[in-house]
Amino acid sequence: MNDLQAPSIEWLALLPSLIVFGVAVIGVLIEAFAPRAARYGTQVVLTTLGFAGAFAAVVALAAGGHATTEAQIAGMGSLAVDGPALFLQGVILLVGLLSVFLFAERRLEPARHGTRVDSFAAQPAAVPGGEAEQEAVKAGHTTTEIFPLLLFAVGGMLIFPMANDLLVLFIALEVLSLPLYLLCALARRKRLLSQEAAVKYFLLGAFASAFLLFGIALLYGYAGTVTYAGIADVISGAPAAIDPGLASTMGNDALLLIGGALVVMGLLFKVGAVPFHMWTPDVYQGAPTPVTGFMAAATKVAAFGALLRLLYVALDGTRWDWEPVLWGVAIASMVAGAVIAITQTDVKRLLAYSSIAHAGFILAGVVAVSEDGVSSVLFYLAAYSFVTLGAFAVVTLVRDAGGEATHLSKWAGLGRRSPLLAGVFALFLLAFAGIPLTSGFAGKFAVFRAAADAGAMGLVITGVAASAVAAFFYVRVIVLMFFSEPKADGPSVVIPSPLTMSVVGLAAAVTLVLGIAPQYFLDLAGQAGVFVLR
């Protein structure tokens, strides 16, 4: 009988994820044992250092060649450490780092009984408006467990684009999703709307996870393995890939096509593409705005990374089957997102439908099926994530007596009351619209050029038309802010702490830098645009 062999794990290659998960566990211990008064400061510092340390580890791995010549399959063949994975991990960690500042902001809500509070419920487990919640508010309690939840969500997002194995893909999906379901329910104001958003997200997310898991089962039945390389070998008909014991059941194309479609459906749900987008506007509107900003930016980055690896590595041999389907999804997302956004009267719902349209624009780069397509998607995701986070950070600052003033009518004349903030928000809207000298223009130009080079001119034409439609409602908001008379009972702009100011400022700076001088970052994405296959 052979001795059991210990698995060989490349710990250094997996260091960014290990740091984040390690800090998350420490955060849970702090919640369990630290005095309540000490938790907020400790958690903010710990989470910030955790993300900074993990980002430094990503940079070190990239500098050591793991994005190019030293790219490898780690973790017993289940995780890929290569250019796309490291690039997306870096973006996710930067978004997570800035999100910590939004989560930690305590100057936006009125002080309760002499204590500064944040945007999150004082007693999340209590009945909204009940006695337990009122006592928690009176005592000045704050929900500091949001920081470990943020860490766990980011940890799952780091694994998601690295997954080189269908089971790891599913586990990473659940690890990133479960904390998000909880975070969506924690709004201090409009508790019932927040809880409704969380329940909708949870139920629809559970359905999407079930589809993905059933698809994994079918792909395993087709290939006899759950590794991407093994599935690709069976698709290509490599004789060595056929297991003699499973030869009679392997290679059934119906299992491959149905299983692949179900797995792709689960990932399209996470990116918010049509027709799997129905959760997006309700969840974006109901969740606490710092959570909405984080989720809108980071989840899309992680999910598109996982989708790219699945399609380009595992299902590359079925390109002629999934490419027309993604054509349809991309066109439907661009058109539906742009057209329905015109009818929205709430800023958060408008940005939600905008994100659906942007999912379609990014899919245009995915459909290109080339190295230029991968690099253009990487750049677009980096640019989009900072614009999105900055836009939602601005939304947190416009308030009236009921909290955040998200109805568009209340933004009338905001440019006269607070020209600087309205100007920054206008910059973000112009970037969403793809106006030159913003990161949005550089990103759209990159994905449309990649799609055009691949012969997908129909997608490019649709994308340009959808961008023109989208520009209408972005400009409409700008006109509303700067060319309308402010109402006497209109909202005011809260002066935030340096935490939120730094998020808005950094997001605006990145938007301008990527728009004015994008070439270095396009080259960086180009160097990181090659997947390691085995």
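A nonpolar core is here a set of buried Ala, Val, Leu, Ile, Met, Phe, Trp, Tyr and Cys residues joined through side-chain atoms within 4.5 Å. In this predicted model, the largest such core comprises 185 residues, among which F160, L169, F294, L315 and F425 touch the most other members. Helix α11, spanning residues 289-314, supplies the largest share of this core, with 18 residues. For F425, when residues up to four places away in sequence are not counted, the residues touched are V347, A391, V394, V395, W411, V477 and M481.

A charged residue was also examined in its surroundings. K270 lies in helix α9, which covers residues 253-271, and although K270 is buried, no salt bridge is formed by this residue, the nearest side chain of opposite charge being that of E174, 7.3 Å away. Since a salt bridge requires a side-chain nitrogen of Lys or Arg within 4 Å of a carboxyl oxygen of Asp or Glu, the 7.3 Å separation of K270 from E174 lies outside that limit. The side chain of K270 is instead joined to that of S177 by a polar contact of 3.0 Å. With neighbours within four places in sequence left aside, the contacts of K270 are L173, L176, S177, Y181, Y201, W279, T299 and A303.

The model further contains an open sheet of three strands, arranged in the order β4-β3-β5 with antiparallel pairing. Strands β4 (403-404) and β5 (492-493) form the edges, each pairing on one side only. Strand β3 (residues 398-400) is joined to the antiparallel β4 by two bridges, and R399 stands opposite E404 of β4.

Notes: Residues are numbered from 1 along each chain as its sequence is written. This is a predicted model: local features need pLDDT of at least 70, side-chain atom pairs count only at pLDDT 80 or more; totals for chains, interfaces and linings use all residues. Side-chain values use heavy atoms; hydrogens and water are left out. Helices (H or I, at least four residues) and strands (E, at least two) are DSSP runs, numbered from the N terminus. Buried means under 20% relative accessible area, exposed over 50%, partly exposed in between (1.4 Å probe, protein chains only). Lys and Arg count as positive and Asp and Glu as negative; His and the chain ends are not counted. A polar contact is a pair of N or O atoms within 3.5 Å; within protein, one must be able to donate a hydrogen and the other to accept it, and residues adjacent in sequence count only if both atoms are side-chain atoms. Contact means heavy atoms within 4.5 Å. Two strands pair if DSSP finds at least two bridges between them.
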